[in-house]
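Student: I am new to this structure and should be grateful for a close look at one part of it. Would you please take me through that part step by step, and then show me how it sits in the whole?

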Amino acid sequence: NSIVVELGSFFGRSSLYIASLIKHGSKNLELHCVDTWDYQQRLGPGGSWDCQKRHATTYNLFLDNMKSYNDFCKDHQLDWKWNTGPFMPTSVDVVIISSCVEPALLPQTVNMWLPIVKNGGFIAGLDMMLPQYPEGGLMIKRTQAMILLHRLFGDNVKSIDGYWYMPKGES
């Protein structure tokens, strides 16, 4: 089986899309969805969401959204920005960062998860960081993130249709 890991699964909307592609494509893939599902911990009291209500329901809504795909989809409740949990080096084919990440944390996150990716696999993510910024600020943040990634990884980082990706070559 090939393994795809999605970091930042939240309610499971993107997870659901990936899982449906796997199911209808008859691929021999496993999808691992990783999130804390604890937004009170991330945002603290008075965050932009009603954290008290979301804490109990975010994970439940995710599980409900994904119930048709339990045969090849596993969830892992962990803070993926700080650890890789049960994933061993060179054990994963694809890592997708579906969550918005502060530009300053993105290189750290990529450096932490890249060793988990097999040679010939890739790591990818959204080419936007914090959608709550005004339009001009979002472009600045987007550019900063790509500059940081290019500084670390050079021309190996590519961008297409609002996403960035980086293949992991033989080394």
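Tutor: Let us begin with Thr-90, which is located in the loop between E3 and E4. The model is a predicted one, and the values that follow are computed from it. The phi angle of Thr-90 is near 50 degrees, a positive value in a residue other than glycine. Most residues other than glycine have a negative phi. As for its surroundings, Thr-90 counts as partly exposed because its relative accessibility is 45%, which falls between the limits of 20% and 50%. Another residue invites the same kind of attention: Phe-10, in the loop between E1 and H1, is not glycine and has a positive phi, near 50 degrees.

From the loop we may pass to strand E4, which covers residues 92-97 and contains Asp-93. Is Asp-93 buried or exposed? Its relative accessibility is 19%, so Asp-93 counts as buried, the cut-off being under 20%. A polar atom of the Asp-93 side chain lies 2.7 Å from the backbone nitrogen of Ile-3. Beyond its neighbours within four places in sequence, Asp-93 is in contact with several residues, among them Asn-1, Ser-2 and Ile-3, as well as Val-117, Lys-118, Gly-121 and Phe-122.

The contact with Ile-3 leads us to strand E1. This strand spans residues 2-7, and five of its six residues are buried. E1 pairs with E4 in the parallel sense, over four bridges; within this pairing, Glu-6 has Ile-96 of E4 as its bridge partner. E1 is also joined to strand E2 (residues 29-35), again in parallel, by six bridges, and here Val-5 stands opposite His-32. Between E1 and E2 the chain passes through helix H1 (residues 13-24), making a right-handed β-α-β crossover.

We can now place these strands in the sheet. It is an open sheet of seven strands with mixed pairing, in the order E3-E2-E1-E4-E5-E7-E6. Strands E3 (73-77) and E6 (158-160) stand at the edges; each has a single partner strand, so one side of each is left without a neighbour in the sheet. From one strand to the next, the twist averages 20 degrees. Helix H1 packs on the sheet, where it touches E1, E2 and E4, and its direction makes about 175 degrees with that of E2. Helix H4 (residues 106-113) packs on the sheet as well, touching E1, E4, E5 (117-126) and E7 (163-167); its direction makes about 165 degrees with that of E4.

Finally, a word on confidence. The average pLDDT of the chain is 78, and 74% of the residues score at least 70. Over residues 42-52, however, pLDDT stays under 50, and the model gives this stretch 14 contacts beyond four places in sequence. Residues 129-140 also stay under 50, with 15 such contacts in the model.

Note on methods: Residues numbered from 1 in each chain as written. Predicted model: local features only at pLDDT ≥ 70, side-chain atom pairs only at ≥ 80, totals over all residues. Heavy atoms only, no water. Buried < 20%, exposed > 50% of the residue type's maximum accessible area, 1.4 Å probe, protein only. Helix = DSSP H or I, 4+ residues; strand = E, 2+ residues; numbered from the N terminus. Pairing = 2+ DSSP bridges. Right-handed = clockwise from strand over helix to strand, strands pointing away. Polar contact = N/O pair within 3.5 Å; in protein donor to acceptor, adjacent residues only side chain to side chain. Contact = heavy atoms within 4.5 Å. Axes fitted to C-alpha atoms, helices over the stretch in contact; angles between N-to-C directions. pLDDT = per-residue confidence, 0-100.
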